[in-house]
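User: I would like to go through this model with you, beginning with the chain contact. Could you take me through it?

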Amino acid sequence: MQTGLILAALRKHRLATLLIALEIALACAVLCNACFLIAHRMGLTRVDSGVDESALAVFKIDGFEAAQAGDLNARMLAGLRAVPGMQSASVVNTAPFGLPTGNAGINLDREGKRFGGVVGLYLDGPGSFEALGLRLVAGRAPQTGDFQPMVGFAPKDSQVVVSHTLAEHLWPGQDPLGKEFWSGDYHFRVIGVVAHMARPGAGEGGTGTIEWSVFVPTQPGPNLVGTYLLRAAPQDLPRVLRDAKAAIARAVPDVVIDHENSRTLGDLRERYFRSDRVMASLLVGVVAALLGVTALGIVGLASFWVQQRRRQIGIRRAIGATRGDILRYFQTENFLIVTFGIALGMLLAFALNAMLMRFYELPHLPLAYLPAGALALWGLGQVAVLGPALRAAAVPPVVATRSG
Amino acid sequence: MFGYYLDLALRSLKRNKVLTALMVLAIALGIGTSMTTLTVMHVLSGDPIPGKSAQLFRVRMNVYPDDSFRQGDKVPDNLTRRDAEALLLAGQADRQAAMSAGAMVVVSAKGEPLRVATRYTGADFFPMFDAPMRYGAAWRREDDAGRARVAVISDALNEQLFGGADSVGQTLRVGDQSLRIVGVLGDWSMNPRFYDLSNGQFGDSEQVFVPLSTALDLKLSTSGSTSCWGNAPDPRAADAPCIWLQYWAELGTPAKAAAYRQYLQNYIALQQQGGRFTHDGQAGLLDVMQWLDAKGVVPADVRLQTWLALGFLGICLLNTVGLLLAKFLRRSGEIGVRRALGASRRAIFVQCLVEAGVVGIAGGAFGLALAALGLVLVRHQPTDYGAYVHMDLRMLLATFVLALASSLLAGLLPAWRAMHVAPAVALKSN
C-alpha cells in the first residue's frame with residue numbers, strides 16, 4: 001500500500017536513488033565474483049593427492065657426485081631405515097606438492113602425431129608404490145621386475161600406473177589397461193589405474209590437469225638419487241623426520257641435507273597452497289570492506305533523507321501514521337532501491353565473470369551465487385537502514401507544526 | 001577567492017562531522033587498497049636496470065627438428081649448447097653471455113658444508129649487467145676459453161666465508177675441486193631477476209659465479225628448465241639435443257640491434273642449409289622490458305588484486321558521490337542566499353569542488369596510512385617479491401593525485417546539481 005507512495009517519493013530523488021542502486025549493483029557484482037573466487041581457491045587447496053599424506057615425508061640431500069649414486073642410495077636407505085619408527089624408505093624423484101621434476105609431453109603414437117598433453121612423471125624406486133598408499137582401481141601394482149634403470153630422463157620401456165583422470169583424458173570411455181604412449185623414444189605401457197594421484201607441482205597447467213600423473217617404476221641409479229620418501233605412523237612422523245636428519249648427518253656426513261625441501265607432505269602441501277590461501281583471505285578482506293562501505297553509504301544517505309523529510313514525517317504522524325508505518329516506509333524504500341541495484345548487479349556480475357574468465361582460469365559463475373548475493377545485500381540494506389529508520393519513527397508529530 | 005572557499009569548505013565539513021568522516025573514510029579505504037596493489041604492480045613491473053634495459057637483449061630461437069616443431073608453439077626461451085657456443089664464438093654483439101643457474105656445496109670456515117646458488121656464465125656478464133666489484137675483478141674472456149678454475153663470489157658469501165676480508169686469491173673448495181677467487185661482488189641484485197626468471201623471479205643474486213666452460217668441464221650441477229628431444233643420455237653434452245642455456249646480448253644502438261637480428265637470420269639460414277630443420281627458426285631479440293612482459297613477471301594474482309582494488313575504489317567513489325550530493329543539496333538554502341547575493345553559478349561550482357577536494361586530500365592522507373599498513377601486510381606475505389615492495393616518492397605523490405582526482409570526479413555531479421539550485425525556490429522553501 002505504501003509502495004506507490006515510496007516510488008513517487010523516489011522519483012523526486014532520482015539521482016540519489018540511482019547512485020545507491022548503482023553502488024549496490026557494483027557491490028553485488030564484486031561480491032558474487034569475490035565469493036566465487038574464494039570458493040574456487042579453497043576448492044583448489046582441497047585436491048585429493050591420492051596418497052597417505054599424513055604418513056609421508058620427503059628427505060632430500062645435495063652435494064654429491066652422480067657417480068657415487070649406487071653406493072649413496074644404499075647408505076642413505078640403510079641409514080634411514082635404521083631410524084626407530086620408520087616403516088619404509090624408498091628412492092623417488094619427487095612427491096606430490098614437492099619440486100616439479102619430470103614433466104614430459106606425451107604422444108599416443110610412436111610417430112608423435114597425436115599429442116596427449118604434458119604429464120607429471122613419478123620416477124620412483126621399489127617400495128614407493130606401497131609406501132605412497134595409492135589406491136588401485138584397475139590392473140595391478142608394479143612388481144619387482146617392472147623397475148627398470150633410467151636411460152636419460154626415464155627408463156626406455158616402462159610398465160606404468162596412471163591416474164583415473166589421465167586415463168579418461170587419454171582414452172575416454174576405453175579400458176586403459178595395455179594402452180601405450182610415447183615421449184620421444186621413450187615407451188610406456190599402462191598396467192594399472194589408481195583412483196587419485198596428484199602430480200608433483202600439482203596444478204601446473206591448471207586445475208584440469210592436476211591429476212595428470214604417471215607412476216613409472218624406476219631402478220635407482222645415477223639419475224635417480226638424493227630424494228627419498230619416508231613413511232611412518234602419522235603421530236610419529238615429525239619425530240621420525242627429525243631423527244632421520246640427525247641420523248643422516250651422522251651416518252652420511254659427506255652430503256648436505258636440503259632442509260628446505262625435506263618436510264612432511266603435510267608441510268609441503270601447506271607451502272604449496274599458501275599463496276592460494278593468502279589470496280582467499282585477501283578476498284575475504286575485500287568482501288568485508290566492500291560490505292562495510294556499502295552499508296556506510298546507505299546509512300549516510302538514509303540519514304540525510306530522514307533529516308530532510310522531518311517535516312513530512314511529522315505531518316504523516318500528525319494525520320495518523322503510526323511509528324511502525326514510518327519505520328516500514330524507510331525499510332520498504334531501502335528494499336526497493338536495493339532490489340533495483342541487485343537486478344542491475346546480476347547482469348554486472350555475469351559481465352565481470354566473463355571478463356575474469358578471459359584472463360584467468362575460472363569456470364562460469366554458478367547461478368546459486370546470485371540469490372545468495374541478493375539475500376546478503378537485502379540483509380545488509382535492512383541492517384544499515386534500521387538506525388536512520390528508527391530515528392525517523394521517533395520524529396514526534398509536533399514537528400509538523402514547526403517551520404523549517 | 002580560493003582561501004575563502006577553503007574556509008567555507010572547512011566550516012561546512014565541521015558542521016556535519018559524521019557525514020564528513022564517512023566520506024573521508026570511504027575515500028581513504030578506496031585509496032588505501034588501490035595504492036597498496038598499485039605499489040605492488042609498480043614494483044613488479046619496474047625496470048630492473050634503468051638506462052640499460054633497452055640495450056640488453058634476450059636471444060631466442062627455435063631449433064627443434066621438424067618432427068618436434070609445432071607451428072604456433074611458443075618460442076623456446078633457451079638455446080642448445082651447440083647454438084650458444086656458435087653465437088659466442090661469432091661474438092657479433094658488443095657483449096654476450098650464455099648462462100645457466102646451478103647449485104654447489106662449499107665448505108665454510110667452520111668446516112660446515114654450505115649449499116649455495118651459482119651462476120655459470122661468461123666474462124661479459126659482469127659489465128653487461130652492471131655488476132660492481134668490491135675486491136678484485138671479474139675473470140677475463142681468456143679465462144672462459146681456457147676453462148680457468150676461477151670464481152667470483154658475492155659480498156654475502158665473502159662475509160660468511162672470510163668475514164668480509166679481501167678474499168681475492170683464496171681458494172673455494174667444491175667437492176674435490178678448487179676454484180681460485182678472482183673477485184668479490186659489491187652490492188648487486190636485480191629485482192625482478194630478469195636475466196634468469198626460471199629460478200625464482202625475485203631474490204638475492206647468486207653467491208658464486210663460475211665460467212660456464214669451467215662448470216661444464218667440472219660437471220657442476222645445473223638447475224633450471226631443460227627440454228630435450230630425441231635421445232639425450234647427457235643433456236649437458238656439447239651436441240646434446242637439449243635447450244637449456246640462457247643467452248643475453250648487449251647491443252648499444254638500434255642499428256646494432258638490427259644488424260644482430262640480421263645476423264641471427266643468417267645463422268638460421270645456415271642451419272636450414274645444414275639440414276637441421278626447414279621451419280623459419282623464429283629467431284628474435286627481446287629487450288629487458290619486452291622480455292619481462294613476455295614472461296608475465298607480474299603474477300596473475302597481483303593483477304586480479306589490482307582490478308579488485310580499483311573496483312572497490314569505484315564503489316567508494318559512488319558512495320562519496322551520494323554523500324556529497326546529500327551534503328550540497330541540504331545546503332540549498334545557503335546556496336540560494338549566495339546566488340541571490342550575486343555569486344555566479346561558476347563560483348558555486350568551484351566552491352563545491354573545493355569542498356570535495358578537501359575531503360579528497362584528507363582521504364588521501366588517511367589512505368596513505370592505510371596503504372602503508374597494507375604494504376606491511378604484503379611484506380609479511382610468503383611471496384618472493386614481498387621483501388622488495390616499498391613505496392617511493394612517485395607513488396606517494398601518486399596517492400595524493402589519485403585521491404584528489406577521484407574526489408573531484410566524485411564532486412563533479414553534486415557540484416553541478418548544486419550550482420543549478422534555483423535561488424528563488426531555495427529561499428522560499430526555507
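Analyst: Certainly. In this predicted model, the contact draws 38 residues from chain A and 39 residues from chain B.

User: Which helices of chain A each supply at least two residues of the side that touches chain B?

Analyst: Those are helix 2 and helix 8 (274-308) of chain A.

User: And which one gives the most?

Analyst: Helix 8 of chain A does, with 16 residues.

User: How does that side of chain A divide by class?

Analyst: The side of chain A that touches chain B has 22 nonpolar, 10 polar and six charged residues.

User: Back to helix 2 of chain A. At what angle does it pack with helix 11 of chain A?

Analyst: Helix 2 (residues 14-45) and helix 11 (residues 369-393) of chain A pack at about 130°, and their axes are 10 Å apart. Helix 2 of chain A is therefore oblique to helix 11 of chain A. The crossing of these two helices of chain A is right-handed.

User: Which residues meet there?

Analyst: From helix 2 of chain A, the residues include Ile24(A), Cys28(A), Leu31(A) and Phe36(A). Their partners in helix 11 of chain A include Tyr369(A), Leu370(A) and Gly373(A). By class, the residues of this contact are 11 nonpolar, one polar and no charged.

User: New topic: where does Val337(B) lie?

Analyst: Val337(B) is in helix 11 (residues 332-340) of chain B.

User: Why does Val337(B) count as partly exposed?

Analyst: Because Val337(B) has 15 C-beta neighbours inside 10 Å, and partly exposed covers counts between the exposed limit of 12 or fewer and the buried limit of 20 or more.

User: What separates the C-alpha atoms of Val337(B) and Pro423(B)?

Analyst: A distance of 6.7 Å, although these residues are 86 residues apart along the chain.

Note on methods
Residues numbered from 1 in each chain as written. Chains lettered and ligands numbered in written order. Predicted model: local features only at pLDDT ≥ 70, side-chain atom pairs only at ≥ 80, totals over all residues. Axes fitted to C-alpha atoms, helices over the stretch in contact; angles between N-to-C directions. Helix = DSSP H or I, 4+ residues; strand = E, 2+ residues; numbered from the N terminus. Parallel < 35°, antiparallel > 145°, perpendicular 65-115°, else oblique. Left-handed = near helix turned anticlockwise from the far one by under 90°. Contact = placed C-beta atoms within 7 Å. Nonpolar A, V, L, I, M, F, W, Y, C, P; charged D, E, K, R; others polar.
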